[in-house]
Amino acid sequence: MNNPPAVPTGASTDELRTAYDAQLRGVTPPGGSARIETDGPLTRVVGWHRGFVTGPRDLGVDGPALDELIARQRDFYAARGEAVEWKTRAHDLPADLGDRLTAAGFTAEDSETVLIGQSAVLAADPVLPDGVALRRVTARADLERIAAMESAVWGEDWSWLADDLAARIENAPENTVVLVAEAGTEIVCAAWLVFKDGVDFGGLWGGSTLREWRGRGIYRALVARRAQLAAARGVPYLYVDASADSAPILTRLGLHAVTTTTPYVWSP
């Protein structure tokens, strides 16, 4: 069990955003060969499927000093021959961070909405279509099946995901819950729940569903089950970076928008 939550139940949007900034600006150690470093106010991941950079709400630098900090991250990953994602939020400071990232050669990808909801409110017995069952998985073969399903959904090579999930499970098995929805032997949807010790929020990740299985409540069922697990553990809130497709569903379920997040990506 976690310690009693620092964020009160029923907190306002401003209180939730403040707690998000205080508790969720770091990086969960991905395990495996990846490692976490710091450079000034920034935290970065090295040796992952691609580089990753994040920072506090206020970086504390601006103007030429910020340009130098940005260029240093770009050049660091360039020397490694790696792409890198710099995760920004709409309420970040300085306000021209995005413009300066663009000027340094980074490209903004699609924005997502950061949504937060109470786990006890979202928790429910999952309701699934006939013939579909939920199962927690840890075996490498199942993680590879998830990666293949994600590749099919997104039309991209997501084979890296099997390594990523395997490393997370090995590094923190009690904090990483990977669920699949299966119809017979086919994975039709997968999602995972990530906890951080001492944090009031569980992270909802994944949730991709094969096209022919959408609209049947499977995604909602996975949210409900993960909320059950978070509530049982005493974690009061869930958060998610929601795509334009997922945000309306999650909002109807009772999650609330606190900001948006936009990845800026640089590739060699």
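Proline 94 sits in the loop between β4 and α3 (97-103). This is a predicted model, and in it the peptide bond that leads from leucine 93 to proline 94 is cis, with omega near 0°. As a rule, most peptide bonds are trans.

β4, the strand that precedes this loop, also takes part in enclosing an empty space. A probe the size of a water molecule, rolled over the atoms, shows where empty space is left. The structure holds 1 cavity of 30 Å³ or more, and the largest cavity contains about 40 Å³ of space. Its lining consists of Arg25, Thr54, Gly55, Pro56, Leu59, Trp86, Lys87, Arg89, Asp92 and Leu97. Strand β4 (residues 84-89) gives the most to this lining, with 3 residues. By class, the lining of the largest cavity has 4 nonpolar, 2 polar and 4 charged residues.

Further along the chain are helices that pack against one another. Two packed helices are described by the angle between their axes and the distance between the axes. For helix α5 (residues 140-154) and helix α6 (residues 160-171), the axes come within 8 Å and cross at roughly 140°. That angle makes α5 oblique to α6, because only angles over 145 degrees count as roughly antiparallel. The crossing in which α5 passes α6 is right-handed. On the α5 side, the residues that meet α6 are Arg140, Leu143, Glu144, Ile146, Ala147 and Glu150. On the α6 side they are Leu161, Ala162, Asp163, Leu165, Ala166 and Ile169. Sorted by class, the contact of α5 with α6 has 8 nonpolar, no polar and 4 charged residues.

A second helix pair involves α7 and α8. The axes of α7 and helix α8 (residues 246-253) come within 11 Å and cross at roughly 50°. The two helices, α7 and α8, are therefore oblique to each other. Their crossing is right-handed. From α7, Tyr219, Arg220 and Val223 make the contact, and from α8, Ser246, Ile249, Leu250 and Leu253 do. The contact of α7 with α8 has 5 nonpolar, 1 polar and 1 charged residues.

Helix α7 (residues 218-233) also holds glutamine 228, a residue with contacts elsewhere in the chain. Leaving aside neighbours within four places in sequence, glutamine 228 is in contact with Ala123, Ala124, Asp125 and Pro126. Glutamine 228 and aspartate 125 are 103 residues apart along the chain, and their C-alpha atoms are separated by 7.8 Å.

Notes:
Residues numbered from 1 in each chain as written. Predicted model: local features only at pLDDT ≥ 70, side-chain atom pairs only at ≥ 80, totals over all residues. Heavy atoms only, no water. Axes fitted to C-alpha atoms, helices over the stretch in contact; angles between N-to-C directions. Helix = DSSP H or I, 4+ residues; strand = E, 2+ residues; numbered from the N terminus. Parallel < 35°, antiparallel > 145°, perpendicular 65-115°, else oblique. Left-handed = near helix turned anticlockwise from the far one by under 90°. Contact = heavy atoms within 4.5 Å. Nonpolar A, V, L, I, M, F, W, Y, C, P; charged D, E, K, R; others polar. 1 Å grid on protein atoms, 1.4 Å probe; cavity = no way out; pocket = protein on both sides within 12 Å on 5 of 7 lines; lining within 4 Å. Points joined across faces, edges and corners; volume = space filled by probe spheres on them.
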